[in-house]
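Trainee: Got a minute to go through this model with me? I'd like to start with how helices pack.

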Amino acid sequence: VPVQYGLYSSFMGCFVYCFLGTAKDVTLGPTAIMSLLVSSYAFHEPVYAILLTFLSGCIQLAMGLLHLGFLLDFISCPVIKGFTSAASITISFNQIKNILGLRGIPRQFFLQVFETLRRIGETRVGDAVLGLACLAVLAGLRAMKSRLPRAAHVEPLPVRVSYLIVWTTTTARNALVVLFAGLVAYSFQVMGSQPFTLIGSIPQGLPPFRLPRFSMTTPNGTIPFRSMVEDMGVGLAVVPLMGLLETIAIAKAFASQNDYRIDPNQELLAMGFANILGSFVSSYPITGSFGRTAVNAQSGVCTPAGGLVTGALVLLSLVYLTSLFYYIPKAALAAVIISAVVPMFDAGIFRRLWRVKRLDLVPLCVTFLLCFWEIQYGIMAGMLVSGILLLYSIARPPIKVSEVLDGDMLLVQPWSSLHFPAVECLRDAVCSHALTASPPRSVILDCCHISSIDYTVVAGLAELLQELHKHGLSLAFCSLQDPVLQVLLSADLEGFQHFPSREEAERCGGAQPQGSGAALSASTSTSQSSLLPA
């Protein structure tokens with residue numbers, strides 16, 4: 001979209017978050033990741049982008065009112081890392097064309113790589129030199145900031161002033177580089193030559209305050225609201241969800257450093273209102289910004305009211321400074337973007353997952369690779385793979401089978417709660433050991449790790465009791481937690497035996513005949529009486 005829409009998106013979120021946000025450092029505004037996502041659904045049309053802002057805000061607001069912030073817990077860290085790492089590469093390479101001064105490069109990543117390499121001979125020398133110089137300066141200032149020792153209050157005044165100058169220079173490096181590049185471009189313009197590709201004219205003044213348009217007029221007719229929504233498709237889910245995810249990730253990172261907690265549902269409300277009101281001033285979808293949030297934290301901002309200052313400065317720029325933006329070279333802006341997104345690539349995550357849990361490399365790699373095709377497909381595929389792995393661990397819980405009472409009985413110990421997909425796994429584990437043994441053996445089911453069960457599990461246990469009973473064997477339960485015991489007693493299972501501890505189950509199991517009605521009655525009545533009020 002035209003450049004001014006970035007400014008239109010930069011102030012409303014600051015004002016709204018000041019009143020509704022829960023993290024003192026977070027600043028809402030346009031970000032590289034959100035811009036990349038929106039570009040997939042806005043089709044280079046501001047009307048689509050603004051309508052997407054309004055609809056995303058409505059979805060986020062509804063999620064906040066319904067307290068659906070917990071849904072973010074289902075997006076695993078490997079998926080997030082795969083997405084941000086791939087996004088850092090695609091965003092960076094998307095700016096190479098501006099560094100080299102190339103035009104007409106397609107948006108799709110693989111076509112972009114092909115066309116850039118094919119037309120590299122058309123590189124504009126001025127843009128390339130300026131872009132590479134800005135990249136070098138930004139890298140140097142970043143390295144200087146990371147190695148800058150903190151000046152103590154006991155240091156002499158000249159030392160503290162020097163520290164402040166260096167800190168300000170390194171913290172505001174993006175603005176200084178763009179300012180310097182703009183001065184160089186203006187100098188060439190005055191001399192009558194211009195070796196750089198410039199931003200060009202930006203409309204001056206504030207955007208009109210009005211409802212977003214719910215249809216779009218084209219030379220071929222009018223696109224109605226329903227068709228626009230269908231065109232956006234899965235973007236109506238991906239954009240609000242990823243916007244919230246980015247904000248929460250930033251808020252959590254800075255909250256852990258500053259010892260305060262955030263409320264995901266309150267963040268949803270803040271983002272919902274920010275996007276809805278932002279659509280009235282021609283904003284595209286916004287989210288938390290890593291860069292601006294870091295500057296806020298490093299500047300000593302104590303409350304979200306710091307957003308008021310940020311928003312006010314953007315408004316002043318729109319009213320008085322847009323004419324100066326004409327001379328900003330695109331190569332300098334590209335260098336700033338590349339410098340900002342390169343640290344998002346986390347090469348160490350692959351090594352860490354290999355050491356910790358190699359199976360988590362699957363959703364990471366799926367997300368990472370598919371994001372080069374389309375961002376939304378990568379995210380959805382990564383979430384799907386993570387969900388499958390999660391469901392598999394539920395359906396196949398670890399089960400330990402061992403012999404007790406000198407091999408007369410088997411002790412079966414599930415190491416997690418039992419849910420309906422795990423019933424067959426439990427039955428197979430019990431039957432394969434109890435019925436194939438010579439002679440067949442009764443079973444003690446140690447339930448100390450089981451905190452919940454569902455109806456399908458109860459039905460499966462009833463069938464298991466019947467199957468063992470047909471072979472003259474018994475199944476005794478021990479160490480049942482009260483919620484699980486209450487469910488099993490309510491089901492009135494035939495042949496149900498329960499013992500408070502494993503030791504008592506082993507002692508009774510070895511002393512009493514299998515399937516003893518007296519033992520069943522005593523254990524059941526004891527269990528029921530323990531649940532009754534005194």
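Mentor: Sure, one term first: a crossing is left-handed if the near helix is turned anticlockwise from the far one by less than a right angle, and right-handed if clockwise. Helices here (H or I, at least four residues) and strands (E, at least two) are DSSP runs, numbered from the N terminus.

Trainee: Where do these numbers come from?

Mentor: This is a predicted model, where local features need pLDDT of at least 70, side-chain atom pairs count only at pLDDT 80 or more, and totals for chains, interfaces and linings use all residues. Residues are numbered from 1 along each chain as its sequence is written, and side-chain values use heavy atoms, with hydrogens and water left out.

Trainee: OK, so which hand is the crossing of α4 and α13?

Mentor: α4 passes α13 in a left-handed crossing.

Trainee: At what angle do the axes of α4 and α13 cross?

Mentor: Roughly 155°, with the axes of α4 (residues 46-65) and α13 (residues 264-279) coming within 7 Å. Axes are lines fitted to C-alpha atoms, for helices over the stretch in contact, and angles run from 0 to 180 degrees between N-to-C directions. That makes α4 roughly antiparallel to α13; the cut-offs are under 35 degrees for roughly parallel, over 145 for roughly antiparallel, 65 to 115 for roughly perpendicular, and oblique for the rest.

Trainee: Which residues in α4 meet α13?

Mentor: Among them are Ile50, Phe54 and Leu61 in α4, while the α13 side includes Leu268, Phe273 and Ile276. Contact means heavy atoms within 4.5 Å.

Trainee: And by class, what's in that contact of α4 with α13?

Mentor: Eleven nonpolar, eight polar and no charged residues. Ala, Val, Leu, Ile, Met, Phe, Trp, Tyr, Cys and Pro count as nonpolar, Asp, Glu, Lys and Arg as charged, and the others, Gly among them, as polar.

Trainee: Where is His67 found?

Mentor: In the loop between α4 and α5 (77-94). Phi of His67 is near 55°, a positive value in a residue other than glycine.

Trainee: New topic: how far apart are the centres of domain 1 and domain 2?

Mentor: 57 Å, taken over C-alpha atoms. Domain 1 is 3-208 + 241-353 and domain 2 is 399-508, with bounds from an automatic or database domain assignment.

Trainee: Which peptide bond is cis?

Mentor: The one from Ser438 to Pro439, with omega near -5°. Pro439 sits in the loop between α20 (423-434) and β7 (442-446).
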